[in-house]
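Visitor: I'd like to learn how to read a few features off a model like this one. Could you walk me through them?

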Amino acid sequence: VYAQSRDAQNILVFGSFAGGLVAELLRYPVRHIDVVIQDENAFEHLAPYLTAENRAALDDRRLQLRFGDSRQYLRGLTDQRYDLVLALDAVPTSAYSNRFFTREFYSSLQVHLADSGVFCTQVSSASNYLGGTVRSYAGSVFRTLSGVFPEVSVMPGDIHVYCAGNRPGQVSEDPAELSQRYLATELDEHRFPAGYFTSLLPQDRIRDLHRQFRKQPGELNSDARPVTFYLNMLLWARFTASELADWLEALRSMQAWPYLVPVLAFLGLWWLRTMLSAKPPVRTRRQAGSFALVLLGLVAMALQLVVLFDYQAHVGFMFDRIALLNAMFMTGLALGTGLLGQAMTQRGRPESWLMALLLLVAVILLSTPAVLAQLGGLDGWGQEAAYLGMSCLYGLLTGAGFPLGVHLAQAELGEAAPTGGVSEAADSLGGAAGGLITGALLIPLLGVTGTCILLAVLSLLTLLPLAWARWAPPRIEALASRGYRAFPWSG
């Protein structure tokens, strides 16, 4: 990486101090190195067990440790410019670490690179295999980098190393060029055999890699659609011969249909059974209310996860804020249930109130991506307060629907209704489903915008059974030609 940067003087390293990289870089003729470390307490616990070389590096005046979130550090920089930036410690295995592989992260880095500056990162690959899954994963990183930096070089192998720069000819894949630069560097000892550049950079494999990236461009990875960490999950499913790999691949190609079709099928079968069996209106209201509770639980959890993902991307690592963000969300749920929901229930006609609330939720969902984009442009405490306010608002809206749904689910059964367990189960089931599919599938595959649109569509679909329970005639003679147990046959 030092040969790629041509005598870097000012270097920025994200993490990876204990691995010895920083201590090695201090052997080179550098002027200053900033190392950004996430957790100061963890580093202090680790310090007594560092190697002698790393402990000596801590005493070097050229080294400055910066504790805090890496993306927050970048946002706080003003006129600082670096000749070399290294993010070799991050792996896109989660939404947190994926933040170091997005277009927004690369763009913020580019601003703080010197004219001849170089940025290097790396991801897992497979030295002797470049199938569709590996190509999609590595290609996503390559495409995202290439979308920000005009020059990108690749070192193939079990680990792909990418170096990117703004100036033509700055980064190189030519072993002879890099060897010459390395040998020209003033060192007390050139420990690295310069001939190894030839084995590190096999030209035939590099040409084949670029050809495949051109033939099948990877997917763009962004804060709003962190697809690379999903592709990493898919990659490891392939490496471990997991049967989930084919399912994950299929879900990626089907977009929103795997989440819409089950709901549409359920509603269609429910309506058909209701028509054929001529159910009593009260029973129809109970089932419509229970279905609304499932949907409200799903939307509530999904919305909170959208806020958490976006907070982590724009504000920073949320570990020390997760309790506060969730507390604000739960406070909103409590206020929405205890105040708004109760007040609407007491006014009568819960179906109408619940339908109006679901329409409002759909509108809020459709406007959420634009609101989050505006919040990303804020800074400081105002930005954090806005995210906390959004968490409370989403809890307030979704919580307000809970008493209405419970009132419908327990229609004419009294306060000690046996359907209380059904209502609680419906809400919890929706919340569990929302948490599972939103964090693992919806946001990586559909992005924040696609996720919010899908949730809005689901909210609107929930209006159908509620409207039927509110206005449908109790019996349609042309359809009610079968017995109650006709279709589907209970048991």
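**Reading the bonds and the spaces**

Guide: Let's begin with sulfur: a disulfide joins Cys 120 to Cys 163, with 2.2 Å from S to S. Keep in mind that this is a predicted model.

Visitor: What is a disulfide, in general terms?

Guide: Two cysteines share a covalent bond between their sulfur atoms. In this structure, a search of the whole model turns up 1 disulfide. Cys 120 sits in strand β5 (residues 113-124) and Cys 163 in strand β7, so the bond ties together parts 43 residues apart in sequence.

Visitor: Is the disulfide right-handed or left-handed, and why?

Guide: Look at the torsion about the S-S bond: for Cys 120 and Cys 163 the value is about 110 degrees, so the disulfide is right-handed.

Visitor: And are Cys 120 and Cys 163 buried or exposed?

Guide: Both Cys 120 and Cys 163 are buried.

Visitor: Why is Cys 392 not bonded to Cys 452?

Guide: Check the sulfur distance. The closest cysteine sulfur to that of Cys 392 belongs to Cys 452, and at 18 Å it is too far for a bond. Cys 452 is in no disulfide. As for burial, the cut-off is under 20% relative accessible area. Cys 392 has 18% relative accessibility, so this residue counts as buried, and Cys 452, at 1%, counts as buried too.

Visitor: Now for charges. How many salt bridges are there?

Guide: The idea is to look for a side-chain nitrogen of Lys or Arg within 4 Å of a carboxyl oxygen of Asp or Glu. By this rule the count comes to 18 salt bridges. Take Arg 6 and Glu 177, whose side chains meet at 3.6 Å, N to O. This pair links distant parts of the chain: Arg 6 is in the loop between α1 and β1 (10-14), and Glu 177 is in helix α9, 171 residues apart. Arg 6 is partly exposed, with a relative accessible area of 42%, and Glu 177 is partly exposed at 24%.

Visitor: Which residues do salt bridges with shared partners join into one network?

Guide: One pair to start from is Glu 24 and Arg 191, in a salt bridge of 3.7 Å, N to O. Glu 24 lies in helix α2 and Arg 191 in the loop between α9 and α10, 167 residues apart. Another salt bridge is formed by Asp 60 and Arg 62 at 2.9 Å, N to O. Salt bridges that share partners join Glu 24, Arg 27, Asp 188, Glu 189 and Arg 191 into one network.

Visitor: On to empty space. How much of it lies in the largest pocket?

Guide: Think of a pocket as an open space, whereas a probe in a cavity cannot get out. The largest pocket holds about 630 Å³. Of its 27 lining residues, the closest to the centre are Val 1, Tyr 2, Phe 192, Phe 197 and Leu 200. By class, the lining has 18 nonpolar, 5 polar and 4 charged residues. Among the elements that each supply at least two of the lining residues are α1 (2-5), β7 (159-165) and α9 (175-183).

Visitor: What lines the largest cavity?

Guide: The search finds 1 cavity of 30 Å³ or more, and about 80 Å³ of space lies in the largest cavity. Its lining includes Ala 95, Arg 99, Asp 223 and Phe 309. The largest share, 3 residues, comes from α15. By class, the lining divides into 4 nonpolar, 4 polar and 2 charged residues.

Methods
Residues are numbered from 1 along each chain as its sequence is written. This is a predicted model: local features need pLDDT of at least 70, side-chain atom pairs count only at pLDDT 80 or more; totals for chains, interfaces and linings use all residues. Side-chain values use heavy atoms; hydrogens and water are left out. On a 1 Å grid over the protein atoms alone, a cavity is a set of points where a 1.4 Å probe fits but cannot get out, and a pocket is an open set with protein on both sides within 12 Å along at least five of seven lines; lining residues have an atom within 4 Å of a point. Grid points are joined across faces, edges and corners, and a volume is the space filled by probe spheres set on the points. Helices (H or I, at least four residues) and strands (E, at least two) are DSSP runs, numbered from the N terminus. Ala, Val, Leu, Ile, Met, Phe, Trp, Tyr, Cys and Pro count as nonpolar, Asp, Glu, Lys and Arg as charged, and the others, Gly among them, as polar. A disulfide is a pair of cysteine sulfur atoms within 2.5 Å. Buried means under 20% relative accessible area, exposed over 50%, partly exposed in between (1.4 Å probe, protein chains only).
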